[in-house]
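User: I am new to this structure and would like to learn how to read it. Could you walk me through some of its features?

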Amino acid sequence: MRQQLYEQEKYYEDENEIDLLDLIFMVIRRWKVIVLMIIPTVVLGFFFAMTRPSVYQADTTLIVSSGMQSVGLESSDIALNQKLVVTYSEIAKSRDILTRVISKYDLVESPAALGNRISVRPVKDTELIKLTYSCNDPKLAEAVTNELANEFIKKIGQVMKVRNVSVVEKAIEPILPLPKKRGIILLASIILGGILGVGVAFLIEFLHKKVRKSLDIEKILGVQMLGMIPEIEIVNKGEESHES
């Protein structure tokens with residue numbers, strides 16, 4: 001009984017290995033389908049990479065202090081200032097500030113869209129805030145970034161009733177655009193095309209099923225295979241003597 005169970009498990013392990021080989025052979029059989037899916041995906045990725053507009057990013061640096069006038073700061077004061085940095089980072093992207101900036105520069109985007117172009121992040125282990133804004137116009141990027149900083153400082157004075165935020169470094173007009181990462185886009189399009197191609201190949205194989213191995217027959221008949229008859233080539237005696 002144990003021997004029979006062992007042989008049965010061994011048999012199905014072999015069938016699973018064959019299934020793995022079948023997947024590889026399926027990819028080889030359907031290579032044309034995979035290539036036909038990769039080509040248009042790569043073409044679209046190349047077109048997208050080549051037509052991406054240039055984006056310029058300007059940034060300004062702000063400092064947040066707790067209002068302590070002493071020269072030496074304790075660890076508790078530094079921790080308080082860092083908490084203020086996190087709180088102020090959220091205030092900097094408030095709808096009130098974004099609406100006023102949009103109104104001043106006649107921007108065609110909504111406050112939500114403008115907020116997506118703004119990045120407010122604290123500098124690690126410091127009391128500094130880095131505020132960045134990116135758009136297609138370098139001059140507009142500089143102006144909007146500085147205006148965001150000014151509106152942010154005003155908002156802090158209204159909400160917190162303190163003046164503990166100041167500009168360390170104003171934004172300047174960016175000279176070079178951000179990297180367009182065309183190589184990454186092309187690589188991603190190749191990978192995406194390959195995934196789509198393999199998926200379509202699997203779909204074709206699923207819709208056009210054929211009996212390729214003994215396990216398929218077992219699934220259809222619902223019985224276990226006892227053995228396989230090898231293919232034997234029979235040669236007639238007359239043909240054999242004639243060839244000799």
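Analyst: Happy to; we will go from the overall layout to single residues. Please keep in mind that this is a predicted model.

User: Let's begin with the layout. How many helices and strands does the protein have?

Analyst: There are nine helices and four strands. Reading from the N terminus, their order is α-α-β-α-α-α-β-β-α-β-α-α-α.

User: What share of the residues in the protein is buried?

Analyst: Buried means under 20% relative accessible area. Of the 244 residues in the protein, 29% are buried. The accessible surface comes to about 17,300 Å², and carbon and sulfur atoms hold 62% of that surface.

User: Now a helix, please. In helix 4, which residues are buried?

Analyst: Helix 4 spans residues 95-105, and Ile97, Leu98, Val101 and Ile102 are buried there. Because these residues cover an arc of only 130 degrees around the axis, they lie on the same side of helix 4. Arg95, Ser103 and Lys104, on the other side of helix 4, are exposed. Just after helix 4 comes Asp106, with a positive phi near 50 degrees.

User: Is Glu151 buried or exposed?

Analyst: Here we compare a value with the cut-off. Buried means under 20% relative accessible area, so Glu151, at 8% relative accessibility, counts as buried. Glu151 sits in helix 6, residues 138-160.

User: And which residues is Glu151 in contact with, leaving aside its neighbours within four places in sequence?

Analyst: Those residues are Ile97, Arg100 and Val101. You have already met Ile97 and Val101 among the buried residues of helix 4.

User: How do strand 2 and strand 3 pair?

Analyst: Strand 2 (residues 118-122) and strand 3 (residues 128-135) run in the antiparallel sense, paired over five bridges. To follow one partnership, start at Ser119: its bridge partner in strand 3 is Thr132. The two strands form a hairpin with five residues between them, and in this hairpin Asp125 has a positive phi near 60 degrees.

User: Finally, the surface. Which residues make the nonpolar surface patch of about 390 Å²?

Analyst: Leu21, Ile24, Phe25 and Ile28 make that patch. Take Phe25, which belongs to helix 1, residues 2-29. Partly exposed lies between 20% and 50% relative accessible area, so Phe25, with 43% relative accessibility, counts as partly exposed.

User: One more about contacts: what share comes from residues 24 or more positions apart?

Analyst: Among contacts in the protein with a separation of 6 or more, such residues account for 73%.

How values were computed: Residues numbered from 1 in each chain as written. Predicted model: local features only at pLDDT ≥ 70, side-chain atom pairs only at ≥ 80, totals over all residues. Heavy atoms only, no water. Buried < 20%, exposed > 50% of the residue type's maximum accessible area, 1.4 Å probe, protein only. Contact = heavy atoms within 4.5 Å. Areas by Shrake-Rupley, 256 points an atom, 1.4 Å probe, with all protein chains shown as cover. Pairing = 2+ DSSP bridges. Patch = residues over 30% accessible without salt bridge, like charges linked within 9 Å, V, L, I, M, F, W, Y side chains within 5 Å. Salt bridge = Lys/Arg side-chain N within 4 Å of Asp/Glu carboxyl O. Arc of directions from axis to C-beta.
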